[in-house]
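Student: Could you take me through one part of this protein closely, strand by strand, with the charged pairs around it? I'd like the numbers and the cut-offs as you go.

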Amino acid sequence: MIFDIAFSFSVSVIFGLTALYVTIARRHKSTWKVGVVLLLACAEITVAHTLQISSPGLESKAFWYKMSLVGFTLSATSFFSLALQYTKADNKIEPRTLLFISIFPILTIIIILTNEIHGLMWNPASTPIVVEKLYLSASEAGIWYWFFVVYSFLIMGLGCFTLVRWIAQSQGFYSRQALGVVIAAGFAMLGGALDIFHASIFPPFIATAIGLSIGTVSAAFALIPLRRHDVLWISRRAIVNDIHDCIIVVDSNEQIVLVNRATEELVKHPSAFMIGKPLKQFIPALSPISGYRTGESNEKTFQIQDKPIAFSLRVTSIKDWNYKVISHVIVLHNITDYKQAEQKLLRSEAGLMEAQRITHVGSWEWDLTKDKVRCSEEMFRIAGRVPMDEIGQGEFKSFLPPGEAEEVFQRIQQNTGASTIDVEHSIIRPGGEIRMVHSRIKAYRDEHGKPMLLLGSTQDITERKQTEAQIQLQITALESAANGIIIADRDGKILWANPSLTRMTGYSFKEISDQYMSLFDYGSKDSNIVREMRETISKNNSWTGEMVNTRKDGMEYVVDMTITPVANQRGEITHYIAIFQDVTERVEAQKQLEFLATHDPLTQLPNRILFSDRLNHALTVAKRTGNQGAVLFVDLDDFKSVNDVFSHTIGDELLRALSKRIRGALRESDTVARIGGDEFAILLEDIDQFNVDIVAQKIIQAVSGPTKIVNDMIIITASIGISIFPQDGDTIHALLKNADLAMYQAKDNNKNRFEFFNQEMASKIEGQMDLLNYMRYALKNDLFKLYYQPQVDCKTGAIVGVEALLRLPHPTKKWIPPSEFIPLAEKTDIILSLDEWVIKTACREKRDLLDTGIPDFNLSLNISNHQLGQDNLIELVKGAIRVNNLNPGSLELEISESSAFQNADITIKTLNELKKLGIRIAIDDFGKGYSSLNYLANFPLDSLKIDLSFAQRIPYSHNDVGIVKGIIAIAKSLGMDVVVEGVEKREQLDFFMSNGCKFVQGNYYSQAITVNEIAKILRSGF
């Protein structure tokens, strides 16, 4: 029994030494944790083995034998963990690795302990029968206990293999230490194997003796590298401590491994306290180490114990066999004293340099025997050169313009005395800038009187020279100034006056010389201003103001006068300077500007500013009195057509005439203002709604009457929106906005009328804003769709083309009618984005249809009047054709009748450019608006589309029949094709066929359908 106990103790010692070796070698706290587990497992082996041998009963022997196997398994796992830690550069093991190698033995331990504890405590009679000396039951001998043996030796073998592999790839002290650990662990495994299998190989006494002997020898062998390590460690530590520089060794995680005595004295902490802690805890500025290049010297200043210390720093990185950094050696050499001495010297030099910089004086020393010149930094700055230690004579002379250097040197040669030479000259900077300088030169000569050394100082006097020139310029400016200027003494006696003053007043300088400035307030009509001026001057204060004076010839003029006292350094007034400006014309112009600032220059009516001021006053009065008032927003209907048809000059005359009519329809107390091109705002104070109706009707009648301008009789109407205050708003913005909304409602209701504001109008505007926001969202997210309606030959029924029509789906309304979103888009810039989207999308979808084998067909696209005025329209269309490889002749652009005649000249130019590309042009919705046949003849049109409203009334409306026949006749005479939109019934189709119309489009043949549906029709026809 004593031998088994000795063997277990021997195994515990071997594993314990293994943990000790590795933790000392790696010096990492995680290694200590695994080492403690290993030592505890070894202790458990000893205790369990001892209790197994000493237990009298077979059941308890079996239990403690299993516990010894449990300890052996834990020891093997811990040993493998140490082996991995020893060989990994970062000294860390992934938790999942340990979990993987431990999961099966942990599970087995739980099952064994659960069964054994249950058997011993609750049912001793069921304890398994012992089989020979292994103390294993017949049912358990198969899998669980042999797993302990196989697993433990396998894991320990892997640990040994890991260390052996690392040894083969490393060298030095650690390899010898690891070799000792491996050999000791290997012999321990051999001894354990002999002990476990002694029943079948050796007699128990002999096997145990052999195992004990092997374990003891292994322990002794393992002590050898440990002893060597301690000796080597102590000797290295002694050497490091004797070095005066601070030496710090950190691992790859920047945790301190070693510090010397100099470092302890620096940070005021013992090494025992610092080992294992992060470097940044003691010298934060030094971390991270990765910021320093290995082997490179750096100068840094760190805060140590709240004291700045300068160091010369060098970092050396130690790498393993796989070139991975495992530690860093930091050497800090204290250079604080050197830096302080250096700073003191630099401050002394800096003081001299600063003095030179302040006075703009540079110094230089020219050694004529060596042809070398030494210059101060300020001298280089004056010359605009980069400072250097020495420069040559040629380069120094290049500071001066050609000729001046030789002239200066010649003066030095001629001056044989010892006095200094003063000379003003110029210096040329590299960029060509010229600086004026004053140089004072002292020459030191040899016994023959020849200059050997020149000492000089050079002062930049450019600013002084510029100031002198500026003063002279100012004197000239005063003489030639347009304003009159007088300089008088403290008593007001005139000492000097410039020519402008004599021209302004009519008095010569001789006449006013020795006179007093009171001469020029004589004749002023404003006695208060004269009294204020004299009181201000008598108090030695500056005075500024306007005054009406009288010239020598008796004419009055307005003068802007400023009288300023001039004081000496003691604050005593010595002179007065008076400046006179004739502002007669300015005053008159100011009056005119003040009128124009508040009135419209064309109609002489108040403008928006004056109107807002009066409306604000009216609102204040209404709040105080409780009275009502009204704001009328008047907009002339279709005024733009007047400018387009007649001219802007005629339009201006019409505005002047109508403004007088509107003014005549109002009370004297009412205000009418022109706030836009053809927009007027009217303020009616203290009036009820009934009387507002009467005034609004009078204005409509006044505007709608015929107006003769030159030789033209013009008739125009007006739409009026009305808001009542305070119920429709109590601010200027609200009342104008609401009146504007009511005006638009009047226009929507056929114009030439007035409407009062109500909340339904505001709701309508909100709905339009919601629709506008949804259109922007739909455009951004590609929600718009293109539907296509075929254009058909009346006689043959063949499809000759399709028109792309824009549709807008909605998540709740299903579809938003084009009649709602198109007009709103045309009021904003979103119409341009929609036009661009339609052109690109329609051309792309046509290309897709052609690629499926469908024959080429005519594609019609609608273009807004906004797009016609854009410079990029031509490039946009050309790009769509080029990208999709389309035939330009198969593309037709439709413009509305109203947009075509708004900017006819620009439209014609744009259409001609499109025609050059081969694109067909059609005029859409013809007959719906006002057309000029003269412009129509000049347009490069290919076809004319009759508005669908005519087709809907054909053939029942006699007037429409006549109009349509006339349109068809006009189109034929101009050589244009005619396309009729909106054909839905057979009788409509028959009428147009009988009247020579060749092409129709409408629901009679097909509604607007999707691209897939139009593809089927294009393939098969109707």
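Tutor: Here is a walk around one sheet and its charged pairs, with some context on the whole chain.

Quick housekeeping: this is a predicted model, so local features need pLDDT of at least 70 and side-chain atom pairs count only at pLDDT 80 or more, while totals for chains, interfaces and linings use all residues. Residues are numbered from 1 along each chain as its sequence is written, and side-chain values use heavy atoms, with hydrogens and water left out.

The protein has 35 helices and 32 strands (DSSP runs numbered from the N terminus: H or I of at least four residues for helices, E of at least two for strands). Of its 1022 residues, 45% are buried, where buried means under 20% relative accessible area, exposed over 50% and partly exposed in between, using a 1.4 Å probe and protein chains only. Take the contacts with a separation of 6 or more: 58% of them are between residues 24 or more positions apart (contact means heavy atoms within 4.5 Å).

Now the sheet. Six strands make an open, antiparallel sheet, and the order is β8-β7-β6-β11-β10-β9; two strands pair if DSSP finds at least two bridges between them. The edges go to β8 (391-392) and β9 (421-428), each with a single partner strand, so one side of each has no neighbour in the sheet. Further in, β10 (residues 434-445) runs antiparallel to β11 (residues 451-460), and nine bridges join the two. One place to look is V437, whose bridge partner in β11 is D460. Helix α14 (residues 462-480) lies across β9, β10 and β11, running at about 130 degrees to β10; axes here are lines fitted to C-alpha atoms, for helices over the stretch in contact, and angles run from 0 to 180 degrees between N-to-C directions.

D460 turns up again in the charges: R429, E433, R435, D460 and E463 are linked in a network of salt bridges (a side-chain nitrogen of Lys or Arg within 4 Å of a carboxyl oxygen of Asp or Glu). Within that network, E433 and R429 pair up with their closest N and O atoms 3.3 Å apart. E433 is partly exposed, because its relative accessible area is 37%, whereas R429 counts as buried because its relative accessibility is 17%.

Over by the β8 edge, look at R374 and E390, whose side chains meet in a salt bridge at 3.8 Å, N to O. R374 sits in strand β7 (residues 372-375) and E390 in the loop between α11 (377-383) and β8, so the pair ties together parts 16 residues apart in sequence. R374 counts as partly exposed because its relative accessibility is 46%, and E390 is partly exposed too, at 39% relative accessible area.

The structure holds 33 salt bridges, so here's one outside the sheet for contrast: D856 with K846, closest N and O atoms 3.1 Å apart. D856 is in the loop between α26 (830-851) and β27 (858-863), and K846 is in helix α26, so this pair ties together parts ten residues apart in sequence. D856 is partly exposed, with a relative accessible area of 44%, while K846 is buried, at 3%.
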